[in-house]
Every structure is written in structure tokens, then in C-alpha cells.
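Work through the exercises below with the sequence and the coordinates open. Try each task before reading its solution.

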Amino acid sequence: MITLAKTAKEVVKYQETPKDGKVCRDCLHFIAETNECKTVAGAINPEGWCSIYFKNPMLKKETNETNITAKTV
Ligand code: SF4
């Protein structure tokens, strides 16, 4: 069995709470079936967050991107 090394939570400043509305369950790296992360080691709280958070592009449908663009003017 191959086990890929994952990054320690401390390294990526993982926290058990959301940050600026960003949460692990919306992250590309999150594995919802097992509450794990493809990149960070250990059990991951769906409501947690870390510094390498990357929004899952599959969630775009739930976001009004036009509004986001308008806000960044
Ligand atoms: S925010 Fe960090 S810990 Fe959470 S799923 Fe994404 S990469 Fe993993």
C-alpha cells in the first residue's frame, strides 16, 4: 500500500473554525466521505480552514460570480 506524505496541520496553520467564510468542505482538497484532506494530515473538520485553502471550482454554480466581479472594482 502506498501512503503519500501529507503536510502537518501546523505547517499550513490549520484551524478548527472557518476563516472569512472559507471552510474545508468548500475546498478542492477536502474528501467529504472520510473528513480528510488530500494534502493535510489527520482528521479534518468540514468547518475548519487552512492557509492552502483552494475553493473547489465545482462550487461555482452556487456563487453569483457577476456580483463578485462587481465588488472588486
Ligand atoms: S482548507 Fe486546508 S485542511 Fe481544509 S480541506 Fe483545504 S487544504 Fe485541506
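**Exercise 1. The core**

Task: Which residues make up the largest nonpolar core?

Solution. Start with the term. A nonpolar core is a set of buried Ala, Val, Leu, Ile, Met, Phe, Trp, Tyr and Cys residues joined through C-beta atoms within 7 Å. A residue is buried if 20 or more other C-beta atoms lie within 10 Å of its own, exposed if 12 or fewer, and partly exposed in between, with C-beta atoms placed from the backbone. The largest such core has ten residues: Tyr14, Cys24, Cys27, Phe30, Cys37, Val40, Ile44, Trp49, Cys50 and Tyr53.

Two notes on the basis. The model is predicted: local features need pLDDT of at least 70, side-chain atom pairs count only at pLDDT 80 or more, and totals for chains, interfaces and linings use all residues. Residue numbers start from 1 along each chain as its sequence is written.

**Exercise 2. The chain as a whole**

Task: In what order do the elements of the protein chain run from the N terminus?

Solution. Define the elements. Helices (H or I, at least four residues) and strands (E, at least two) are DSSP runs, numbered from the N terminus. The protein chain has one helix and two strands. Their order is β-β-α. Next, take burial: 15% of the 73 residues count as buried. Last, take contacts, where two residues touch if their C-beta atoms, placed from the backbone, lie within 7 Å. Of the contacts between residues at least 6 apart in sequence, 67% join residues at least 24 apart.

**Exercise 3. Tyr14 and Trp49**

Task: Is Tyr14 buried or exposed?

Solution. Locate Tyr14: it sits in the segment before strand E1 (30-31). Count its neighbours. Tyr14 is buried because 22 C-beta atoms lie inside 10 Å. Beyond four places in sequence, Tyr14 touches Lys9, Val40, Gly48 and Cys50. Tyr53 is 39 residues from Tyr14 along the chain, yet their C-alpha atoms are 9.6 Å apart.

Now take Trp49, another core member. Outside four places in sequence, Trp49 touches Gln15, Thr17, Pro18, Lys19, Lys22, Val23 and Cys24.

**Exercise 4. Positive phi**

Task: What is the phi of Asp20, and what is that of Asn35?

Solution. Take Asp20. Its phi is near 50 degrees, a positive value in a residue other than glycine. Asp20 lies in the segment before E1. It counts as exposed because it has 7 C-beta neighbours inside 10 Å. Asp20 and Trp49 are 29 residues apart along the chain, with 9.6 Å between their C-alpha atoms.

Take Asn35. Its phi is near 55 degrees, again positive in a non-glycine residue. Asn35 belongs to the loop between E1 and E2. It has 15 C-beta neighbours inside 10 Å, so it counts as partly exposed.

**Exercise 5. Ala43 and Ile31**

Task: Which residues does Ala43 touch, leaving out those up to four places away in sequence?

Solution. Place Ala43 in the loop between strand E2 (36-37) and helix H1 (65-71). Its contacts are Asn35 and Glu36. Ala43 counts as exposed because it has 11 C-beta neighbours inside 10 Å. Lys9 is 34 residues away in sequence, and the C-alpha distance from Ala43 to Lys9 is 9.8 Å.

Compare Ile31, in strand E1. It has 12 C-beta neighbours inside 10 Å, so Ile31 counts as exposed. Its contacts outside four places in sequence are Glu36, Cys37 and Lys38. Between Ile31 and Ile44 there are 8.9 Å, C-alpha to C-alpha, at a sequence separation of 13 residues.

**Exercise 6. The ligand shell**

Task: How many residues surround the ligand?

Solution. Apply the cut-off: a residue is near the ligand if its C-beta atom, placed from the backbone, lies within 6 Å of it. The count is 15, and the closest are Cys24, Cys27, His29, Cys37 and Cys50. Sort the shell by class. Ala, Val, Leu, Ile, Met, Phe, Trp, Tyr, Cys and Pro count as nonpolar, Asp, Glu, Lys and Arg as charged, and the others, Gly among them, as polar. The shell has twelve nonpolar residues, three polar and no charged.
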